[in-house]
Amino acid sequence: MAEQTDRLPQNVAGAYYVDSSCVDCDLCRNTAPDFFRRDEEIGLSFVYRQPVTSEERALAEEAKQGCPTESIGNDGLLGKAPSAPLAQNAGSSTGGGAQKC
Ligand code: SF4
């Protein structure tokens with residue numbers, strides 16, 4: 001399992017990342033070339049663009065699942081919906097209702 005603490009600094013900010021356990025097998029770059037590239041200096045893959053659409057996320061997830069060393073992580077920070085507002089108090093008085101003591 002990918003470790004956030006071993007996340008390569010080459011990754012762009014966002015949910016998906018590659019950690020230092022990558023063995024440069026090329027699978028992720030073949031599966032999802034729009035998101036994974038090879039850093040020639042370190043000889044490892046990194047995420048250079050985060051998936052945005054559901055189709056893109058599915059492709060990045062396929063690459064993550066296929067990684068033989070589980071070096072691809074998803075910390076789930078992308079696509080989180082903001083918290084729903086609290087329900088408003090429905091205790092309006094419309095007449096005829098019982099009142100609390
Ligand atoms: S699939 Fe995994 S081990 Fe292979 S290049 Fe990508 S991150 Fe590295």
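**Figure 1. The loop between helix 2 and strand 4, seen at Glu70.** Glu70 sits in the loop that runs between helix 2 (54-66) and strand 4 (72-74). This is a predicted model, so please read each view in that light. Although Glu70 is not a glycine, its phi is positive, at about 55°. Most residues other than glycine have a negative phi. Glu70 counts as partly exposed because it has 13 C-beta neighbours inside 10 Å.

**Figure 2. Ser71, a buried residue in that loop.** Ser71 also belongs to the loop between helix 2 and strand 4. Is Ser71 buried or exposed? Ser71 is buried, because 24 other C-beta atoms lie within 10 Å, and the cut-off for a buried residue is 20 or more. Leaving aside neighbours within four places in sequence, the contacts of Ser71 are Ala2, Val18, Asp19, Ser21 and Cys22. One of these partners, Val18, is 53 residues away from Ser71 along the chain, yet the two C-alpha atoms are separated by 5.5 Å.

**Figure 3. Asp24, in the loop ahead of helix 1.** Here we move to the loop between strand 1 (16-18) and helix 1 (27-31), where Asp24 is found. Asp24 is not a glycine, but has a positive phi of about 60°. With 14 other C-beta atoms within 10 Å, Asp24 is partly exposed.

**Figure 4. The surroundings of the ligand.** How many residues surround the ligand? The shell holds 14 residues, and the closest are Cys22, Cys25, Leu27, Cys28 and Cys67. By character, the shell divides into nine nonpolar, three polar and two charged residues. Cys22, one of the closest residues to the ligand, is also among the contacts of Ser71 shown in Figure 2.

**Figure 5. The hairpin of strand 2 and strand 3.** Strand 2 (residues 36-39) pairs with strand 3 (residues 44-47) in the antiparallel sense, over four bridges. The two strands form a hairpin with four residues between them. In the turn, Gly43 has a positive phi of about 70°. Across the pair, Phe36 stands opposite Val47 of strand 3. When you follow side chains here, a general point may help: in a regular strand they alternate between the two faces of the sheet.

**Figure 6. The largest nonpolar core.** Which members of this core touch the most other members? Val47, Ala63 and Ile72 do, out of 15 residues in the core. Strand 1, strand 3 and helix 2 each supply at least two of the core residues. The largest share, three residues, comes from strand 1. For a closer look at one member, find Ala63: not counting residues up to four places away in sequence, Ala63 touches Cys28, Thr31, Ala32, Phe36 and Ile72. Among these partners, Phe36 is the residue that stands opposite Val47 in the hairpin of Figure 5, and Cys28 is one of the closest residues to the ligand in Figure 4.

**Figure 7. Arg49, between strand 3 and helix 2.** Arg49 is found in the loop that joins these two elements. Arg49 is partly exposed, as 15 other C-beta atoms lie within 10 Å. Setting aside residues up to four places away in sequence, Arg49 touches Val12, Asp34 and Phe35. Asn11 is 38 residues from Arg49 along the chain, and their C-alpha atoms are separated by 8.2 Å.

**Figure 8. The whole chain, and where to read with care.** Stepping back, the chain has two helices and four strands, which follow the pattern β-α-β-β-α-β along the sequence. Of the 101 residues, 22% count as buried. Among contacts with a separation of 6 or more, 59% join residues 24 or more positions apart. The average pLDDT of the chain is 84, and 75% of the residues score at least 70. Over residues 78-97, however, the pLDDT is below 50, and beyond near neighbours in sequence this stretch has three contacts in the model. Where pLDDT is low, the predicted coordinates should not be read in detail.

Conventions. Residues are numbered from 1 along each chain as its sequence is written. This is a predicted model: local features need pLDDT of at least 70, side-chain atom pairs count only at pLDDT 80 or more; totals for chains, interfaces and linings use all residues. A residue is buried if 20 or more other C-beta atoms lie within 10 Å of its own, exposed if 12 or fewer, and partly exposed in between; C-beta atoms are placed from the backbone. Two residues are in contact if their C-beta atoms, placed from the backbone, lie within 7 Å. A residue is near a molecule or strand if its C-beta atom, placed from the backbone, lies within 6 Å of it. Ala, Val, Leu, Ile, Met, Phe, Trp, Tyr, Cys and Pro count as nonpolar, Asp, Glu, Lys and Arg as charged, and the others, Gly among them, as polar. Two strands pair if DSSP finds at least two bridges between them. pLDDT is the predictor's confidence in each residue, from 0 to 100. A nonpolar core is a set of buried Ala, Val, Leu, Ile, Met, Phe, Trp, Tyr and Cys residues joined through C-beta atoms within 7 Å.
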